[in-house]
Protein chains: 2
Amino acid sequence: MTTNEDSGIQLRQDELLAALRALSNPHRLSILQWLRDPVMHFEEQKVDATRYGVCVSSIRKRCEVSQSTASQFMATLSDAGLVQTTRIGQWTYFARNEDAIARFRSSVASDL
Amino acid sequence: MTTNEDSGIQLRQDELLAALRALSNPHRLSILQWLRDPVMHFEEQKVDATRYGVCVSSIRKRCEVSQSTASQFMATLSDAGLVQTTRIGQWTYFARNEDAIARFRSSVASDL
DNA sequence: TCGTAAAATTGCGATATTACGATATTGCGG
DNA sequence: CCGCAATATCGTAATATCGCAATTTTACGA
């Protein structure tokens, strides 16, 4: 019987590396920062951005990149666990995963 | 009684990005971590590793990469400001730049 | 079951990174 | 000055990443 404890206070080395890689791109770094205050940094939208985050279209416009690029950016941040996804109808909303970001901070603070 | 004047200072966005990019490689991330305890993680050498850090040859052996690759890794970490360099004779010693790392931590804590 | 809209996926060219061997540079000692 | 050792830099090939257009998938509404 193995105890799988992946909701700990810090990240594993491979998770830490994945987070660092995800944030090593200027667009993706800015997106995560903008998501701290989505109402300020993105256009208005149907659902509450503070609760659900923002959709790909909003990110596309703010970054001035193509739809596929914006989608790929969010997939990378999602794979690294830094954002959480909520699908509502045709829209996919991305919000910060504050727990994961806190673990990332904790890892940077103690494992680096 | 000393006051750490750097504890509240953060990196500019481009400096933060450079640090994240420098750490987005498994070798470079490990090197910076190993340098927390150079005596434990690297072979013995002439000068005090705790004071001056370790030379390229030690890093080369520990990482099992070529001399040029090890040298390039350290140049990248140095360009990002995460390590400081001390040239003694034919050797270049690399040690953690704790002030810069503290600023990186501070940036991750408050700008991310 | 259409048509439409949003997002995800695929495939591609351009660019960047990685890691190497070869070579140049730096610094010591004889 | 010469030879040697350590490191830095250069040129390279392989691989990875970036960002796009085109296409596919998913979901809604008429």
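A salt bridge is a side-chain nitrogen of Lys or Arg within 4 Å of a carboxyl oxygen of Asp or Glu. Keep that in mind as you look through these close-up views of a predicted model.

**Figure 1. Glu43(A) and Lys61(A) form a salt bridge in chain A.** Start with the two side chains, whose N and O atoms come to 3.0 Å from each other. Where in the chain do Glu43(A) and Lys61(A) sit? Glu43(A) belongs to the loop between helix H3 (38-41) and helix H4 (49-52) of chain A, while Lys61(A) is in helix H5 of chain A. The pair is 18 residues apart and links distant parts of the chain. Glu43(A) counts as partly exposed because its relative accessibility is 38%. Lys61(A) is partly exposed too, with a relative accessible area of 44%.

**Figure 2. Chain B has a salt bridge between Glu43(B) and Lys61(B).** Here the N to O distance is 3.0 Å. Glu43(B) lies in the loop between helix H3 (38-41) and helix H4 (49-52) of chain B, and its partner Lys61(B) lies in helix H5 of chain B. These residues are 18 apart, so look for a link between distant parts of the chain. With a relative accessible area of 39%, Glu43(B) is partly exposed. For Lys61(B) the relative accessibility is 43%, which again counts as partly exposed.

**Figure 3. Salt bridges also involve Arg12 in both chains.** In chain A, Arg12(A), Asp14(A) and Glu15(A) are joined into one network by salt bridges that share partners. In chain B, Glu15(B) forms a salt bridge with Arg12(B), and their closest N and O atoms are 3.4 Å apart. Is Glu15(B) buried, partly exposed or exposed? Glu15(B) is partly exposed, at a relative accessible area of 30%. How many salt bridges are there over all chains? The count comes to eight. As a general idea to take along, side chains of opposite charge can pair when their charged atoms come close.

**Figure 4. Chain B and chain A meet at an interface.** In this view, 22 residues of chain B are in contact with 22 residues of chain A. The size of an interface is often given as the accessible area lost when the parts come together. Between chain B and chain A, the buried area is about 2000 Å², and carbon and sulfur atoms give 61% of it. How many salt bridges cross between chain B and chain A? The count is zero. Polar contacts are another matter: 15 residue pairs are joined this way between chain B and chain A, counting pairs with both residues at pLDDT 80 or more. On the side of chain B that touches chain A, the elements giving two or more residues are helix H1 (13-22), H2 and helix H7 (98-110) of chain B. The residues on this side of chain B divide into eleven nonpolar, six polar and five charged.

**Figure 5. Both protein chains come near DNA strand C.** Of the 21 residues around DNA strand C, the nearest are Ser57(A), Gln67(A), Ser71(A), Arg21(B) and Thr69(B). Which part of DNA strand C do you find within 4 Å of the protein? Sugar or phosphate accounts for 63% of those atoms, and bases for the rest. The side chain of Ser57(A) has an N or O atom 2.6 Å from a phosphate oxygen of DNA strand C. For Ser71(A), the corresponding distance to a phosphate oxygen is 2.8 Å. A base takes part as well: a polar side-chain atom of Ser68(B) is 3.1 Å from a base oxygen of DNA strand C. Elements giving two or more residues to this surface include helix H5 (56-63) of chain A and helix H2 (26-34) of chain B. By class, the surface has six nonpolar, 13 polar and two charged residues.

**Figure 6. Residues of both chains surround DNA strand D.** Among the 22 residues here, Arg21(A), Thr69(A), Ser57(B), Gln67(B) and Ser71(B) come nearest to DNA strand D. Of the strand's atoms within 4 Å of the protein, 63% are sugar or phosphate, and the rest belong to bases. Thr69(A) places a side-chain N or O atom 2.9 Å from a phosphate oxygen of DNA strand D. Val56(B) uses a polar backbone atom, 3.3 Å from a phosphate oxygen. A polar side-chain atom of Ser71(B) lies 2.7 Å from a phosphate oxygen of DNA strand D. The surface near DNA strand D has six nonpolar, 13 polar and three charged residues.

How values were computed. Residues are numbered from 1 along each chain as its sequence is written. Chains are lettered from A and ligands numbered from 1 in the order in which they are written. This is a predicted model: local features need pLDDT of at least 70, side-chain atom pairs count only at pLDDT 80 or more; totals for chains, interfaces and linings use all residues. Side-chain values use heavy atoms; hydrogens and water are left out. A residue is near a molecule or strand if one of its heavy atoms lies within 4 Å of it. A polar contact is a pair of N or O atoms within 3.5 Å; within protein, one must be able to donate a hydrogen and the other to accept it, and residues adjacent in sequence count only if both atoms are side-chain atoms. Helices (H or I, at least four residues) and strands (E, at least two) are DSSP runs, numbered from the N terminus. Ala, Val, Leu, Ile, Met, Phe, Trp, Tyr, Cys and Pro count as nonpolar, Asp, Glu, Lys and Arg as charged, and the others, Gly among them, as polar. Contact means heavy atoms within 4.5 Å. Buried area is the accessible area (1.4 Å probe) that two parts lose on being put together, summed over both. Buried means under 20% relative accessible area, exposed over 50%, partly exposed in between (1.4 Å probe, protein chains only).
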